[in-house]
Amino acid sequence: MASNPLLTVSNLSVCFHTDEGLVTAVDDLSFTLEPGKTLGIVGESGSGKSVSTKALMRLLPDYAAIAPASRILYQTKQGAYVDIAQLEARSKALNQLRGGEIAMIFQEPSAAFSSLYTIGNQMMEGIRIHRNVSRDQARKLSIEMLDRVGMTNPELRIDQYAFQLSGGMRQRAMIASALAMRPAVLIADEPTTALDVTIQAQILDLLKELQQEFGMAIIFISHDLAVISQIANDVLVMYLGKDMETGPVRDIIRTPQHPYTQGLINAIPRLDALDRPLVPIPGDIPSPLERPAGCVFHTRCPHAIDTPRCRTVVPSPTHTQSDHLAACHLLDEKVLEGTR
Amino acid sequence: MTDPIVSVRNLKVHYPIGGGFLKGKPQVVRAVDGVSFDILPGQIFGLVGESGSGKTTVGRAILKAAPITSGDVTLRVGAATLPVDQLKGKGLKALRRHAQMIFQDPYASLSPRMTVRDIIAEPLEAMQLTRTRQETDRRVRDVAEKCRLNLEHLRRFPHAFSGGQRQRIAIARALVSDPSFLIADEAVAALDVSIQANILNLLKTLQQDMNLAFMFISHDLSVVAYFCDVVAVMYLGEIVEIAPTERLFSQPTHPYTQALLSAIPPLDPDATRNRVRLTGEIPSPVTPPSGCRFHTRCPVAQTACHSIKPEWTQITSNHGVACHLVADQVGDRSEPVREYADR
Amino acid sequence: MTNTEPWIVANTVLPQLRKEEYYTASQWQLFWSRFKRNRLAALGGAVLSLFIFIALFAEVVAPYTGQADTRNTDYTAGPPQLVRFCDRSGCQLWPFVHELTSSYSVIDKGYQVTVVEENGQPLRRPLKFFIRDGEYRLLGIIPSNIHLFGVEQGKVHLFGTDSSGLDLFSRVMFATRTSLTIGFLGVMISFILSLLIGGVAGYLGGWVDAAIQSFTDLVRVIPPIPLYMALTAMFPRDWSNMQVYFAMTLVLGLVNWPTLARRIRSYLLASREEEYVQAARLSGASGWRIVTRHLLPGFASYIIVELVINFPYRILDETALSIVGLGLRRPTMSWGVLMQEMTTVQAIQLTPWFFIPLLFFVVAVLSFTLLGDGLRDAADPYAGIRR
């Protein structure tokens, strides 16, 4: 196993105070991120995939609360360890982390760029906050970055506004802007969802190239398992704020252990198996207000019908292999049988 | 061969933008620029394309929800034929009754202030298709049952439902007037994967039970491949290729279709594929490129492509394509994406 | 690995009954349940209810009519009387006020207030509730003579008197009625105008919209203060107070419709493109059916919010105009007219209670704003609903 994870999240829980009551968005989530590797987080709506990564940057809204027991241990570029969950909101340390150490790109780039400033203005501002360089140097760096992400005419683009660019170009500009500060971790929250497939392929290729060049670790969030499989080394499958299954991408896709992951894969139409019928996961995703007790998936799980344990006891992640974990009571039994 | 239920000939939809009172001459968006195809009864016709390809506008034009600039659109109802592009008043009512639409966003397409029962009953009540309230209620319950909605929930308001349930309500509304033709515009794009399969299966069952003709508009080729009988690929307001699904996915002929197929990420990370990589992005429909509209991004474009518009060529009776290179390609049948056919 | 923290345990499943209520709750019920949770807005609403009560029952609440015939000539520019239970001759359980006189002293350059004495003791005037006193017609219709409170002999002036000896409390009560109704009528007139004009522009769109918008912009670019001044200066001097009052409401309505008309127009233009409206059109619904069944129900809460938010501005306009002498005039009582009397150095130095109308005005505007904000937050149809 890798020696030193860059980021270790343990027992992260986040809840929201809403009009309809207290809503658990992330429930006791744990994962690690190795330097230079890509972790894909896949999940449907309400899975908490976005919320958990926003918690890593402490970008949660005011009505959200991170549970006291949560730990987000991060090793900075200097080698020091900080617990992001315990940092003061609006503290200097947190501002240093945001952008400088951990950067983020979003589904909708227009949300990341102000329409009042040019792309260059915003990139240079970010660079100069985190790196001690002059205005001219910052401008030069920005142009280099824009060129690097494949923008045509970067000298021209730098003085344009985000709304003057197409969706794909905006996404490139946002990647350039995020990487200009040389972060150690890049969080990509559904960065290709709003794009067409041909552009999506371009952006995925670009991210892979940039990762090789700059060596940053990536947390890639998507609802699309196929996209994740193209870019991730490891996959974390989330459902209703819980981690269902974690492991290397090939294991997850070829030998999924958790009934939810299996269901997800069976529900995806595949060009390489068009005759295979689509098998939907029965039922609906429960409303966050009606979180099932026990295993959160038991209301839709085909194996949980006569298992009272699934309905009452929260399963804990079990190793099916050294680096492959799944949280399912059925697996506990299997593993026990195996050891017997 | 049976007569088509929907027939579109040289359909053009051009919008003016930016102009107006004392604001100068408007620019013209050529959203749809000369599109022709037929949909047979009981057939599922897929229309795919990237954003800006005009696929949604084609769907709306067929339902006369977008202004038809020129061209003929006809809908066959029994023995009668409705000329959609000329419909008014009573004829329009017949069109509304026999051709319906399912929208993409089930959160936006249901009136938040109406109960589920009222939403589903809307076509019946608006077009006065039923005589009594009892009859309306009966038809609402019938169709709700068909769409696997809980009848207990008809009193509820849309805010009580999840995306998948809402989409089932929208489907029930589209089916309540007993139409013969249904347009689904990205009907599963906003849904979660596990729910998407559910809705697709429901649509397929309903299609078979009611012998509906379907026009399935989508950007997602995997869904189209699974769901449709025939697929048309659109690029910048034009159809570049039409073929039966299996043939299109095994022998894509137009370079754009090939690129589109190869851009779909396969589920297995080790799936070997010859990537046809497209550079650049879809040009503006205000000033479409001359000649073949795809030539600015085409990896195999030749000089002729820049200036001469490619002719529509039927490779087989049901596989047509608009590309100058077709003649060359028929010989060495599109190697690049072979592996989709094998398994 | 345990989730024993209380905040997670607190996240229990809703009882089945409440859930079904929520699911079958109409948008109005959801609106109301969201509104109830906003304490500040509820406070604003409560204060406003009090104001509306005063406006409706001014004759009952006020001990006097506030007109010239109820002048207390012995007590001009008198300060507010204290409601007492005790004085130097002892205490009593029933509240009372002292009989006071006020006279201008040239030497001190100020008003001298003296307590009238009887047998060496201050003269007590016990307060009576629901007392029968001056005759009036409630809202000009129902004859009565019951007042909420008063004294049997002498006079009671809780807010003091103005420079001609009129009871300020009574005048403030009547002014509340005038100012609220003038604001209400002004808002209603501009609302009807803007609903017609904005509604037509927004629903029809196209060149009708362009033409109406040009006209609206024309009205909007005229600065409101000079426009008010020009319009009110046209009122003939010999108009009765009633005529001036209605003319004022008309002026307020005519000047202020463009903003609301524009909002209504953009709301309609935006919702015309909403998918559910498109779906209704494809369901064969006529234009009239779309407006009445799909657009208006969603629009009603929005309009109410707009009106409540607009209300204080109309009161503000009336007050401002009356203060500079262009609006209502004595003997009509409105907050603006009363405040006109405080715009002297003398008022600040010698008679600070002339500012009491200002206090009413500020509280009213503030309450309207709080209520309006609360209603707006509650009306947002997707607040708190999972999207």
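**How the labels are earned**

Biologist: How do you know that H11(C) and H14(C) are roughly antiparallel to each other?

Modeller: The axes of helix H11 (residues 287-323) and helix H14 (residues 356-379) of chain C cross at roughly 165° and come within 8 Å. Axes are lines fitted to C-alpha atoms, for helices over the stretch in contact, and angles run from 0 to 180 degrees between N-to-C directions. Over 145 degrees counts as roughly antiparallel (under 35 is roughly parallel, 65 to 115 roughly perpendicular, the rest oblique), so H11(C) and H14(C) earn the label. Helices (H or I, at least four residues) and strands (E, at least two) are DSSP runs, numbered from the N terminus. This is a predicted model, where local features need pLDDT of at least 70 and side-chain atom pairs 80 or more, while totals for chains, interfaces and linings use all residues. Residues are numbered from 1 along each chain as its sequence is written, and chains are lettered from A and ligands numbered from 1 in the order in which they are written.

Biologist: In what kind of crossing does H11(C) pass H14(C)?

Modeller: A left-handed one, meaning that the near helix is turned anticlockwise from the far one by less than a right angle (clockwise would be right-handed). Among the residues making the contact are Val305(C) and Phe311(C) of H11(C), and Phe368(C) and Arg376(C) of H14(C); contact needs C-beta atoms, placed from the backbone, within 7 Å. By class there are 16 nonpolar, four polar and one charged (Ala, Val, Leu, Ile, Met, Phe, Trp, Tyr, Cys and Pro are nonpolar, Asp, Glu, Lys and Arg charged, the others, Gly among them, polar).

Biologist: What makes S2 and S5 of chain B edge strands?

Modeller: The open sheet has four strands in the order S2-S1-S4-S5 (chain B), with antiparallel pairing; strands pair if DSSP finds at least two bridges between them. Strand S2 (27-39) and strand S5 (80-83) each have a single partner strand, so one side of each is left without a neighbour in the sheet. On average, neighbouring strands here are turned by 30° against each other, direction ignored.

Biologist: How many bridges join S1 to S2(B)?

Modeller: There are 10, with S1 (residues 6-17) of chain B running antiparallel to S2(B). One example is Val8(B), whose bridge partner in S2(B) is Phe37(B). Helix H1 (residues 55-62) of chain B packs on this sheet, touching S1, S2 and S4.

Biologist: Why does Lys64(B) count as buried or exposed?

Modeller: Buried, because Lys64(B) has 23 C-beta neighbours inside 10 Å and 20 or more is enough (12 or fewer is exposed, in between partly exposed, with C-beta atoms placed from the backbone). Lys64(B) sits in the loop between H1 and S4 of chain B, and has a positive phi of about 55° although it is not a glycine.

Biologist: And what makes Asn211(B) exposed?

Modeller: Asn211(B) has 10 C-beta neighbours inside 10 Å, so it counts as exposed. Asn211(B) lies in the loop between H6 and strand S8 (213-218) of chain B; its phi is near 50°, a positive value in a residue other than glycine.

Biologist: Why is Pro79(C) called partly exposed?

Modeller: Pro79(C) has 19 C-beta neighbours inside 10 Å, hence the label. Pro79(C) lies in the loop between helix H5 (58-61) and strand S1 (84-87) of chain C, and touches Val113(C), Gly160(C) and Trp353(C), leaving aside residues up to four places away in sequence. The C-alpha atoms of Pro79(C) and Pro352(C) are separated by 8.4 Å, with their positions 273 residues apart along the chain.

Conventions:
Contact = placed C-beta atoms within 7 Å.
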